[in-house]
Amino acid sequence: MSISIKMTSKLALGAMVACLAAAPLFAQKLVPMTAEETNLRNIGTPGHPGNNAAMDEPAPPHKIIGNLYYVGTTVHCNYLILTPQGDILINTGYEHTWPMTQASIEKLGFKVSDIKIILGSHAHVDHQEADAMVKQLTGAPVEVMDKDVPLLQKMTPGGKPHPIDKILHDGDTVSLGGSTWAAHLTAGHTPGCTTWTSKIADAGKTYDVVIMCGGGAAGKLINNPEYPNVVEDFHHTFAFLNTVPCDIPLGSHTDHYNENEKYEAMEKNPGTNPFIDKGGCKVESGNWEAVFNVALAKQMKAAGGAGPSASN
Ligand SMILES: [Zn+2]
C-alpha cells in the first residue's frame, strides 16, 4: 500500500518510531492500533521490517490447535489441516516460497502427496501463485471463491493456466475427513477475498478458528471502474469480522495476528497456547478499518468530496 509515510519527514518518522517503541506494536495478543501504527507495522521500523518490506524466510512449522498446522514463512501464512482422508492446504504461496512450505510439511512428518484439497485466501501472488505447481505435485483440486475467478485467471506463472476445479460461493463449506471449513466472502482487498472458519476440537474444548483474508485497502476506493462497489464490500467485511465468533484469529500475513510473536511465546511457555486470542478478529478488523477510513477520506478529499461520515 502506498501511504503517507513516504511523505513524512525523517524527523517525524523518527519521533513516530520512538513513540512506538513503547506501544504494544509487536505484542502477542492483537491490540487496537491507530491507522498510523498499522501502516507502520506494514511498512516497518528500522531493524524490524514491516509486512510489506520483509522477505520471506523459513519459519518453524508447528501445530496451532487440533488438526491445524502452520506451514507458512515468516511473512506469508500457509495452513495444513490433517484429516484421516488426506489433508487440506490453505494458501500455496509464491512459487519461490513453495519449497519452504514443502520443507515445513515434511519437517512435521507429513506428506505433500497427502494434500487432497487446495484452498486460498485471495487472488494475489503471495498467497495463490503456486496453486498450479502444487496441483501438479498432488493432483488436488483447487477450489476458489467465485468473485476471485477473474483475477485468478490472470495469474499464470510460467504460462501455466490457473487451475480452477470448483467454484465456491459465500457460505459454502468444504469438508474432508470430518473437518469442515466455511468460505465467507469478505471482499474489498480483492473482490473474492475469502475468510475461512472452522470449529476445531483440542483437549476436550472446541474453538472457533478464523483465517481472516486480509483487509488492506490497497487500491482506488472511489471512482474505480474495475471495482465499483469496493467501499460497500469493505464495510460488509468489517461488519462480518466484528461479529464472527473468533477464539483463534489467523490470517494470510503473519502480522495479521502476530504469528511469529505467538509462536515464540508458545516455545517459551510450553503448555500454553497464545494462539487462543479471543476476540482478536474484531481487534484486527478495527485496525484495518482505521486504515481504510483514512485512505477513503484522503481519496474523497482529493476527488473534491465531503469525506465519509464518522460512522463509515
Ligand atoms: Zn493481498
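The expected span of a helix is 1.5 Å times one less than its number of residues. Helix 7 of this predicted model can be held up against that yardstick. Running over residues 230–243, helix 7 has 14 residues, and from first C-alpha to last it reaches 20 Å, close to the 20 Å expected.

Next comes the question of which side of helix 7 looks inward. Its buried residues are V230, V231, D233, F234, T237, F238 and L241. Looking down the axis of helix 7, these buried residues fall within an arc of 155 degrees, so they line one face of the helix. In general, an α-helix has 3.6 residues a turn, so residues three or four places apart point the same way. The face of helix 7 turned away from the buried side carries the exposed residues E232 and T243. As for what the buried residues of helix 7 pack against, the partner is helix 9 (280–302).

Helix 9 passes the length check too: its 23 residues should span 33 Å at 1.5 Å a residue, and the end C-alpha atoms are 33 Å apart, which agrees. Quite a list of helix 9 residues is buried, including G280, C281, W288, V291, F292, A295 and L296. Polar names turn up in the buried set as well, among them E284, S285, N287, E289 and Q299. M300 also lies in helix 9, but M300 counts as partly exposed, because it has 17 C-beta neighbours inside 10 Å, where 20 or more would make a residue buried. M300 and I222 sit 78 residues apart in sequence, yet their C-alpha atoms are 7.3 Å apart in space. Just after helix 9, G304 takes a positive phi of about 90 degrees.

Then there is the nonpolar core. The largest one holds 58 residues, of which Y79, I118, V210 and L250 touch the most other members. Helix 9 supplies the largest share of this core, with 6 residues. In soluble globular proteins, nonpolar side chains tend to be buried together. Leaving aside residues up to four places away in sequence, V210 touches T195, T197, V244, C246, I248, P249, L250 and C281.

On to the sheets. One open sheet is built from 5 strands in the order 10-11-12-13-14, with mixed pairing. At its edges are strand 10 (173–176) and strand 14 (248–250), each pairing on one side only. From one strand to the next, the twist averages 20 degrees. Inside this sheet, strand 12 (residues 194–202) and strand 13 (residues 205–211) run antiparallel to each other, paired over 7 bridges. S198 stands opposite V209 of strand 13.

Another open sheet, also of mixed pairing, has 5 strands ordered 3-4-5-6-7. Here the edge strands are strand 3 (62–65) and strand 7 (115–119), each of which pairs on one side only. The twist in this sheet averages 30 degrees from one strand to the next. Strand 3 pairs with strand 4 (residues 68–70) in the antiparallel sense over 3 bridges, and I65 has L68 of strand 4 as its bridge partner.

Stepping back to the protein chain, its secondary structure comes to 9 helices and 14 strands. Of its 312 residues, 42% count as buried. Among contacts between residues at least 6 apart in sequence, 64% join residues at least 24 apart.

Conventions
Residues are numbered from 1 along each chain as its sequence is written. This is a predicted model: local features need pLDDT of at least 70, side-chain atom pairs count only at pLDDT 80 or more; totals for chains, interfaces and linings use all residues. Helices (H or I, at least four residues) and strands (E, at least two) are DSSP runs, numbered from the N terminus. A residue is buried if 20 or more other C-beta atoms lie within 10 Å of its own, exposed if 12 or fewer, and partly exposed in between; C-beta atoms are placed from the backbone. The arc is that of the directions from the helix axis to the C-beta atoms. Two residues are in contact if their C-beta atoms, placed from the backbone, lie within 7 Å. A nonpolar core is a set of buried Ala, Val, Leu, Ile, Met, Phe, Trp, Tyr and Cys residues joined through C-beta atoms within 7 Å. Two strands pair if DSSP finds at least two bridges between them. Axes are lines fitted to C-alpha atoms, for helices over the stretch in contact, and angles run from 0 to 180 degrees between N-to-C directions.
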